[in-house]
Amino acid sequence: MKIKIEGMSCQHCAGHVTEALKSIAGLTDIKVSLEEKCATVSGSADPNLIKTAIEEEGYDVVGIE
């Protein structure tokens, strides 16, 4: 699953998103790319839960594929 994220401007931001995703049960192989402005995850989790976790950190989810 690929999650497009706006608002990340540094590695610290990417770290916040990574930690938010790690807190969601069922997600594995979490990779956050500051350059591509996205996160790629494997596993199963409700996309709404993913969106909420990222947005609670202050970033905007603009798409989940």
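**Entry 1: T18**

I opened with T18, and leaving aside its neighbours within four places in sequence, I found it in contact with I30 and V32. A reminder to myself: this is a predicted model. T18 is found in helix 1. Is T18 buried or exposed? With a relative accessibility of 17%, T18 counts as buried, because buried means under 20% relative accessible area. I then looked up what the polar part of its side chain does. A polar atom of the T18 side chain lies 2.9 Å from the backbone oxygen of A14.

**Entry 2: helix 1**

From T18 I moved out to the whole helix. Helix 1 runs over residues 11–22, which makes twelve residues. From its first C-alpha to its last it reaches 16 Å, close to the 16 Å expected at 1.5 Å a residue. Which residues of helix 1 are buried? I noted C13, A14, V17, T18, A20 and L21. These buried residues cover an arc of only 165° around the axis, so they sit on the same side of helix 1. On the other side of helix 1, I found Q11, H12 and K22 exposed.

Next I asked what covers the buried residues of helix 1. The cover includes strand 1 (2–6), strand 2 (27–33), strand 3 (38–43) and helix 2 (47–56).

**Entry 3: helix 2**

Helix 2 was on that list, and I gave it its own look. I50, A53 and I54 are buried in helix 2. They cover an arc of only 95° around the axis, which puts them on the same side of helix 2. The face turned away from that buried side carries the exposed residues N48 and E56. Strand 1, helix 1, strand 2 and strand 4 are included in what covers the buried residues of helix 2.

I checked the ends too. D46 caps the N-terminal end of helix 2, with a side-chain oxygen 2.9 Å from the backbone nitrogen of N48. Just after helix 2, G58 takes a positive phi of about 100°.

**Entry 4: the nonpolar core**

How many residues does the largest nonpolar core have? I wrote down 19, and those with the most contacts inside it are I3, I5, M8, L21, I50 and I54. Strand 1, helix 1, strand 3 and helix 2 are the elements that give two or more residues to this core. Helix 1 provides the largest share, five residues.

I picked I3 for a closer read. Leaving aside its neighbours within four places in sequence, I3 is in contact with L21, K37, C38, A39, V41, I50, I54, V61, G63 and I64. Of the core residues with the most contacts, L21, I50 and I54 appear among those partners of I3.

**Entry 5: S33**

Back to a polar residue, this time in strand 2, where S33 lies. At 17% relative accessibility, S33 counts as buried. A polar atom of the S33 side chain lies 3.0 Å from the backbone nitrogen of E36. Not counting residues up to four places away in sequence, S33 touches M8 and C38. M8 had already turned up in my notes among the core residues with the most contacts.

**Entry 6: salt bridges**

Last, the charged pairs. The structure holds three salt bridges, and I went through them one by one.

- E65 and K4: their side chains meet in a salt bridge at 3.1 Å, N to O. E65 lies in the segment after strand 4 (60–64) and K4 in strand 1, so the pair ties together parts that are 61 residues apart in sequence. E65 is exposed, with a relative accessible area of 57%, whereas K4 is partly exposed at 36%.
- K22 and E19: the closest N and O atoms of this salt bridge are 3.9 Å apart. The two residues are three residues apart in helix 1, so about one helical turn separates them. K22 is exposed, with a relative accessible area of 54%.
- K51 and E55: these side chains meet in a salt bridge at 3.5 Å, N to O. The pair is four residues apart in helix 2, which again comes to about one helical turn. K51 is partly exposed, with a relative accessible area of 33%, and E55 is partly exposed with 33%.

Notes: Residues numbered from 1 in each chain as written. Predicted model: local features only at pLDDT ≥ 70, side-chain atom pairs only at ≥ 80, totals over all residues. Heavy atoms only, no water. Expected span 1.5 Å × (residues − 1). Buried < 20%, exposed > 50% of the residue type's maximum accessible area, 1.4 Å probe, protein only. Arc of directions from axis to C-beta. Contact = heavy atoms within 4.5 Å. Salt bridge = Lys/Arg side-chain N within 4 Å of Asp/Glu carboxyl O. Core = buried A, V, L, I, M, F, W, Y, C linked by side-chain atoms within 4.5 Å. Polar contact = N/O pair within 3.5 Å; in protein donor to acceptor, adjacent residues only side chain to side chain.
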